[in-house]
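Okay, thanks for squeezing me in. Let me put the thing up on the screen, and then I'll walk you through a few spots that caught my eye.

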Amino acid sequence: MKEDNCLHAALICLGMLYYSHAVTTEKLNHLRPSLHGHHEKGKEGQVLHRSKRGWVWNQFFVIEEYTGPDPVLVGRLHSDIDSGDGNIKYILSGEGAGIIFVIDDKSGNIHATKTLDREERAQYTLTAQAVDRNTNRPLEPPSEFIVKVQDINDNPPEFLHENYHANVPERSNVGTSVIQVTASDADDPTYGNSAKLVYSILEGQPYFSVEAQTGIIRTALPNMDREAKEEYHVVIQAKDMGGHMGGLSGTTKVTITLTDVNDNPPKFPQSVYQMSVSEAAVPGEEVGRVKAKDPDIGENGLVAYSIIDGDGMDMFEITTDYETQEGVVKLKKLLDFETKKSYSLKVEAANVHIDPKFISNGPFKDTVTVKISVEDADEPPVFLKPSYIFEVQENAASGTVVGKVHAKDPDAANSAIRYSIDRHTDLERYFMINAEDGNIKTIKALDREEIAWHNISVFAVEVHKQHQEAKVPVAIKVVDVNDNAPKFAAAYEAFVCENARSNQQFITISADDKDDSANGPRFIFSLPPEIIHNPNFTLRDNRDNTASVLVRREGFSRQKQDLYLLPIVISDGGVPPMSSTNTLTIRVCGCDSNGSLLSCNAEAYILNAGLSTGALIAILACIVILLVIVVLFVTLKRQKKEPLIVFEEEDVRENIITYDDEGGGEEDTEAFDIATLQNPDGINGFIPRKDIKPEYQYMPRPGLRPAPNSVDVDDFINTRIQEADNDPTAPPYDSIQIYGYEGRGSVAGSLSSLESATTDSDLDYDYLQNWGPRFKKLADLYGSKDTFDDDS
């Protein structure tokens with residue numbers, strides 16, 4: 001505070017000296033009016049000579065942040081015409097006039113009443129004027145001047161950011177630029193050293209330094225190692241006043257991180273790794289892991305592993321797990337404890353990416369020895385071959401040896417082996433195996449023509465360890481024996497024309513043999529010795545497994561013989577050969593002049609002798625027409641309507657009427673029972689259907705139902721039809737034959753004539769006369785007792 005007060009006092013003194021110098025200068029100017037005056041025209045046109053005003057300065061100065069007890073004197077205005085008698089009044093207007101700046105209207109002294117801050121406002125523009133105190137008449141034209149706020153060092157430097165972050169590669173050379181920090185000072189840079197900044201480092205030595213004028217931070221130590229220390233915290237100071245004592249300062253923090261370079265080779269933490277693996281392990285199975293440590297990170301720390309030497313190079317391989325940076329040793333081939341019990345590998349770990357600048361720190365790789373011991377495992381038996389193929393002749397006797405399989409225990413114990421056949425592969429049980437020595441034999445005869453190959457599986461099991469078993473496929477080929485004679489390849493039927501020429505070929509035949517090709521073709525065709533001189537036909541072997549049948553003589557007659565049977569002997573090429581006699585059927589047919597078949601039937605030939613083909617067709621057409629007429633007549637006869645009751649006047653009671661109507665149940669719409677129509681239970685109420693549940697009950701309309709004893713059946717039926725049409729619960733079709741009530745029986749009793757022949761009926765059937773013309777026949781039969789008496 002003492003230093004600041006002294007500085008303020010010095011500045012005030014300087015201002016007063018500057019003010020005194022200005023006043024003196026203006027007075028000197030007043031003494032030389034000819035130099036500063038100018039001519040003006042008055043109202044009458046006269047020329048006035050006026051000297052320059054004494055207060056016309058370009059600017060005044062006031063020190064900012066002044067905190068003294070009295071207002072600060074900024075300057076004094078004085079007019080040349082002011083004689084000091086108090087008749088002149090000074091007026092101040094403009095920016096801050098009357099609020100910040102006040103003027104003594106008599107003396108013209110200007111004072112600043114408030115503390116000013118140059119960083120808020122650097123200057124003020126004011127206007128001064130001298131007027132007559134009594135009349136307020138302007139004595140001088142108004143004049144502008146500027147009051148500048150003179151800067152003092154009252155603002156410390158401030159950095160653009162409170163915290164900075166920067167990176168620099170490790171092992172960088174001394175003086176490597178890291179980052180530039182920048183500070184600013186609100187003070188006036190054109191006045192004094194208030195805004196002249198100097199940078200310095202407060203924390204971070206001796207690793208880093210900063211340029212005093214630019215704020216650039218540079219490395220100060222060589223070979224800084226990220227693996228030793230990765231992050232540094234540096235504090236930079238900016239101080240004004242050129243860094244001299246009394247200046248203000250500001251600080252910022254800079255976090256500097258060393259980025260990684262590949263300056264470290266991988267190293268194995270131990271010289272030998274011990275691993276073990278079971279001999280039962282399969283290729284691809286993991287045996288163990290090795291890891292070389294590299295303190296570098298990212299791609300600089302990537303390590304690749306390889307096997308460069310050792311007796312296990314063919315049995316093992318190594319891959320790199322880039323997530324864990326480990327070398328994974330895996331099995332490459334199957335192991336055998338009894339053959340080799342241990343292996344040795346030499347494994348190398350090398351960096352993937354190498355920085356040429358640090359190649360001198362190399363080599364960037366390391367090696368280690370990996371010893372792998374093979375552990376004995378309880379292995380299943382092993383067959384000497386992966387599969388077996390045997391041959392056996394078909395039709396071989398039961399017990400014939402097919403072949404032998406052999407397996408052994410690979411373990412040191414060399415346990416005994418027992419053999420068996422997987423019966424799922426030999427369902428018909430054609431074979432058996434000796435459990436001790438593995439000999440396979442037949443159980444029954446084999447037929448190549450049925451099954452040419454038998455594929456079975458044989459198990460080998462250790463005697464003392466039943467869970468240890470092996471399985472091997474065995475293929476047995478059934479060798480062909482010439483046991484099938486050749487036969488016709490198809491069911492041949494030959495045709496020969498009656499007018500055939502001698503030596504004319506009319507069919508070519510071939511043969512088929514079920515045996516293998518070695519026992520089949522070539523086929524030999526011939527005629528039996530007893531008919532080798534057949535007068536009708538001859539045979540020619542084409543020597544290509546086919547034969548041609550030829551006509552030996554000319555002219556055949558269907559009337560004499562229309563069918564010939566020609567035996568043909570076919571022999572195969574097997575050892576010994578087999579043969580069979582096959583019969584070829586040859587029919588004699590009629591042919592035209594071109595040799596095309598016309599007919600092969602003997603009957604047709606006989607008819608053709610007396611009638612032509614057109615006549616035969618006409619006869620057949622007449623027969624068909626007669627048959628159609630007879631069928632139509634019979635059909636029309638059957639469709640003639642027959643009476644329901646056959647009436648014979650001699651004795652009606654002895655005539656029994658038979659109906660073949662079975663009835664269609666509820667769907668029967670062809671017949672009805674009159675007793676059902678007169679159902680007594682349905683007279684007084686509506687009988688709904690029993691097979692459906694109506695949504696609401698239907699009440700029959702009164703006046704439509706006939707009297708219970710009514711004999712007018714037409715009215716009865718019409719009434720029921722009308723009820724059915726208006727019934728919402730009835731089915732969607734018109735039918736009065738569907739009822740849910742079967743009926744109790746007819747109140748009229750039986751109408752059968754069987755009882756009337758022996759007993760007289762007491763019932764009166766005269767009401768049948770009122771039923772209409774449809775029941776007239778019944779009324780005549782049963783309506784009069786006299787009729788019955790006469791008939792009896």
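So, start with strand β41, residues 563–571, which pairs with β42 in the antiparallel sense through nine bridges. If you want a handle on the register, leucine 563 stands opposite arginine 587 in β42. This is a predicted model, by the way, so keep that in mind as I go.

Stay on β42, residues 579–591, for a moment. Strand β36, residues 493–497, runs parallel to β42, and five bridges join the two. There, glutamate 493 has threonine 585 as its bridge partner. Then there's β43, residues 597–599, which pairs antiparallel with β42 over two bridges. Cysteine 591 is matched with leucine 597 in β43. Those two strands make a hairpin with five residues between them, and glycine 595 takes a positive phi near 90° there.

Back to the beginning of β41, where you'll find some rings. What kind of aromatic pair do phenylalanine 556 and tyrosine 564 form? An edge-to-face one, with 5.7 Å centre to centre and 75° between the planes. Phenylalanine 556 has a relative accessible area of 7%, so we call it buried. Tyrosine 564 comes in at 10%, so that's buried as well. Both belong to a cluster linked by ring pairs, along with Phe506 and Phe537. And phenylalanine 556 has a charge on its face: arginine 553 lies over it, 4.2 Å from the ring centre. You get a similar picture with lysine 444, which lies over the face of tyrosine 430 at 4.8 Å from the ring centre.

Across the whole structure, the search turns up 15 aromatic pairs. One of them is tyrosine 207 with tyrosine 232, a tilted pair at 4.8 Å centre to centre and 50° between the planes. That one links distant parts of the chain, 25 residues apart: tyrosine 207 sits in the loop between β14 and β15, while tyrosine 232 is in strand β17. Buried or exposed? Tyrosine 232 counts as buried, at 6% relative accessibility, whereas tyrosine 207 is partly exposed at 29%.

Next stop, β25, residues 365–375. Its covered face is Asp366, Val368, Val370, Ile372 and Val374. The uncovered face carries Lys365, Thr367, Thr369, Lys371, Ser373 and Glu375. β19, residues 272–278, runs parallel to β25 with seven bridges, and methionine 275 stands opposite isoleucine 372. β24, residues 342–351, is antiparallel to β25 with nine bridges; serine 342 is partnered there with serine 373.

One more sheet. Four strands form an open one, in the order β27-β34-β33-β30, with mixed pairing. β27 (388–393) and β30 (417–421) are at the edges with a single partner strand each, so one side of each has no neighbour in the sheet. The twist averages 30° from one strand to the next. Between β33 and β34 you have nine bridges, antiparallel, and alanine 460 has alanine 470 in β34 as its bridge partner.

Last, how far to trust it. The chain averages a pLDDT of 77, and 75% of the residues score at least 70. Where is it weak? Over residues 1–56, pLDDT stays under 50, and residues 689–698 also stay under 50. Where pLDDT is low, the coordinates shouldn't be read in detail. Okay, that's me done.

Definitions and conventions:
Residues are numbered from 1 along each chain as its sequence is written. This is a predicted model: local features need pLDDT of at least 70, side-chain atom pairs count only at pLDDT 80 or more; totals for chains, interfaces and linings use all residues. Side-chain values use heavy atoms; hydrogens and water are left out. pLDDT is the predictor's confidence in each residue, from 0 to 100. Contact means heavy atoms within 4.5 Å. Two strands pair if DSSP finds at least two bridges between them. Axes are lines fitted to C-alpha atoms, for helices over the stretch in contact, and angles run from 0 to 180 degrees between N-to-C directions. Buried means under 20% relative accessible area, exposed over 50%, partly exposed in between (1.4 Å probe, protein chains only). Rings of Phe, Tyr and Trp (its six-membered ring) pair if their centres lie within 6.5 Å; planes under 30 degrees apart count as stacked, over 60 as edge-to-face and the rest as tilted. A charge sits over a ring if NZ of Lys or CZ of Arg is within 6 Å of the ring centre and within 35 degrees of the ring normal.
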